[in-house]
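This report describes how one protein chain is folded, beginning with the whole and ending with single residues. The reader is invited to keep the structure in view while reading.

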Amino acid sequence: MKDSKAPMDRFKCWMQGSIRRRLTVFVVGLCLLLVCLVWIFAVQLMEPVYNSFVKRDLESVMYGVTATLERAQAKNTPITEDDGNGERQILATNVTTTLEATMENGTINAGESSVDIAGADLKCLYWHGPLSETALHPPKDMLQGIPFRVETDSELVTLLRLKVRQEGNFFGIISSGQMVVGTTTANGLYTVIVSANIERIPQAVRVLKQLMFPVLMVLILVSILAAWGFSRWFTRPLSRLSVAAKEVAKGNYDVEVHEEGSDEIAALAQDFNTMTQEVKRSAELQRDIIANVSHDLRTPLTLIKGYAETVRDLTGDEPAKRTQQLSVIINETDRLSVLVNSVMELSRMSSGHEKPEMVQFDVAQLCDELAFGYKEMSHQEGYFFHFESEQNCEIVADPAMVERALHNLLGNAAKHVGADGYLGLRVFKTQHKTVRIEVTDHGEGILPEDLPHLFDKYYRSRADAGKAGTGLGLSITKAIFVAHGFEYGVDSTPGHGATFWFEAPLAAPGVK
């Protein structure tokens, strides 16, 4: 039993080893199936189907001739007449003319068939057919080996006339390769026999059977070669995807698969490239978080540890110094907490895990609420806050995220208010059916070389060196604007302050 299963198991393993093998076996099997169908329909069924068509055509001719005779009888037209020699009766001239006219115009499509009409005495009254017809009507007279007259009352046809008269209807294939159909007129006076030569059909079937084997061998060879080439063409993109996937597994996220077209494999390659870019972005984000957080955490952790050890070892009994050093620890802990929260927020926004919850609201009203808080703060911090807004500035966005971005922009501008202490927030509609929000300060401005990098993670211009902050506020703001699809930017001239702005499309009126 094991030996009988082993070849099948080996075949299954061989099939599972490659898509090319499975495609090749499938195509070859399909070709074999088609050959079998050709064998069944073109060879095995050829003879019976052909014979059924011939029988139908012969019966059509037979019933057409019979109907012509019966119409003549119904009109009391003479059916027979003397042949002029007084030897025998033949079909009347008017009936013969009518019959041959219907054959010529196609009403009765006799073609190569033989039509035989006989009377009650079983003698031929009319015959029509090719001179090569040798079964029922063998040649009677020859001219240089070519027949020009046939025997119309041969023994075989006479026996068939008798059989038709006895049975009323007849169908058969005689040994000489002739298909014969026969019937009598309604009154039984006349017999009509139509025959055709089908001898070459069995010969054609034998020839096809002999040709099928070499054709089968050629088809198998061609199908194997074609299937192997097709499978190579079909699996080549998959092989490239496999190689690219291995490169990604090794950490090479710059690999890209190029597939032209719009089929499923091209779509798979595009999805693979999208996946690779997402993995690359996630990996870069992870590396940035680890590198930057580890760098930014080092200073506060060192200070916390150093002051904690000092409190423990030296100043535990001196309240003033202990309070001062504990204040440093608390401040550094707060700074550390802010940094961690900012990093986590940027990570959520950049990775796309935090999606905006889009609702329609009046951004002017949101800015008005923020302005109230900053006006109160300006009195304490010693700067002047100016707020200007139009009415009914409806947009579709996430209010919490927009508020977070505005806090970042206002907080950043508050550090650069300049000598006049000016900090401004302006909300107005543009001609492009958008709402533009601007945050302006009159500080030192931004150098041209710093403008392209302001929204980068952990970037600090030289003017901000040494100031408090994580360097992530504008990066988080950028991530919020990108998530909403807002236009954003900054306009600044060194020494004349800066204006940070973003634009959101106006909501369609009447939509909530």
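The text that follows treats the overall fold, the nonpolar cores, a pair of helices and three individual residues.

**Overall fold**

The structure is a predicted model. The protein contains 11 helices and 16 strands. Its chain has 512 residues, and 38% of them count as buried. The accessible surface amounts to about 30,200 Å², and carbon and sulfur atoms contribute 57% of that area. Among contacts in the protein with a separation of 6 or more, 61% are between residues 24 or more positions apart.

**Nonpolar cores**

In soluble globular proteins, nonpolar side chains tend to be buried together. The largest nonpolar core of this protein has 42 residues. Within that core, V363, F385, V402, L423, V427, I437 and F500 touch the most other members. Helices and strands both supply this core: the elements that give two or more residues include the helices α9 (363–381), α10 (399–414) and α11 (473–484). The strands that do so include β11 (384–389), β12 (394–397), β13 (422–429), β14 (434–441) and β16 (498–505). Another core, of 27 residues, lies apart from the largest one, and L99, L125, V181 and V194 are among its residues.

What does V363 contact beyond its neighbours within four places in sequence? V363 is in contact with C393, I395, V402, V427, V435 and I437.

**A pair of helices**

Helix α3 (residues 46–74) and helix α4 (residues 93–104) have axes that come within 10 Å and cross at roughly 145 degrees. This crossing is right-handed. On the side of α3, the contact is made by V65, T68, L69 and A72, while α4 contributes V95, T98, L99 and M103. L99 is also one of the residues of the 27-residue core.

**Three buried residues**

The table lists three residues, each with its strand and its relative accessibility.

| Residue | Strand | Relative accessibility |
|---|---|---|
| S492 | β15 (residues 487–492) | 19% |
| E438 | β14 | 14% |
| I395 | β12 | 0% |

A residue is called buried when its relative accessible area is under 20%. S492 therefore counts as buried, at 19%. E438 counts as buried because its relative accessibility is 14%, and I395 counts as buried because its value is 0%.

Which atoms lie 2.9 Å from a polar atom of the side chain of S492? One is the backbone nitrogen of I446, and another is the backbone oxygen of G497. Not counting residues up to four places away in sequence, S492 touches G445, I446, L451, G497 and A498. Both I446 and G497 thus appear in the list of residues touched by S492.

The side chain of E438 is joined to the side chain of R436 by a polar contact of 2.7 Å. Leaving aside residues up to four places away in sequence, E438 touches G424, L425, R426, F428, T499, F500 and W501. One of these, F500, is also among the residues that touch the most other members of the largest core.

I395 lies in strand β12, one of the elements that give two or more residues to the largest core. How far apart are the C-alpha atoms of I395 and L506? They are separated by 5.0 Å, although the two residues are 111 residues apart along the chain. With residues up to four places away in sequence left out, I395 touches V359, Q360, F361, V363, V435, A504, P505 and A507.

Definitions and conventions:
Residues are numbered from 1 along each chain as its sequence is written. This is a predicted model: local features need pLDDT of at least 70, side-chain atom pairs count only at pLDDT 80 or more; totals for chains, interfaces and linings use all residues. Side-chain values use heavy atoms; hydrogens and water are left out. Helices (H or I, at least four residues) and strands (E, at least two) are DSSP runs, numbered from the N terminus. Buried means under 20% relative accessible area, exposed over 50%, partly exposed in between (1.4 Å probe, protein chains only). A polar contact is a pair of N or O atoms within 3.5 Å; within protein, one must be able to donate a hydrogen and the other to accept it, and residues adjacent in sequence count only if both atoms are side-chain atoms. Contact means heavy atoms within 4.5 Å. Accessible areas come from the Shrake-Rupley method with a 1.4 Å probe; for residues, only the protein chains shown count as cover. A nonpolar core is a set of buried Ala, Val, Leu, Ile, Met, Phe, Trp, Tyr and Cys residues joined through side-chain atoms within 4.5 Å. Axes are lines fitted to C-alpha atoms, for helices over the stretch in contact, and angles run from 0 to 180 degrees between N-to-C directions. A crossing is left-handed if the near helix is turned anticlockwise from the far one by less than a right angle, and right-handed if clockwise.
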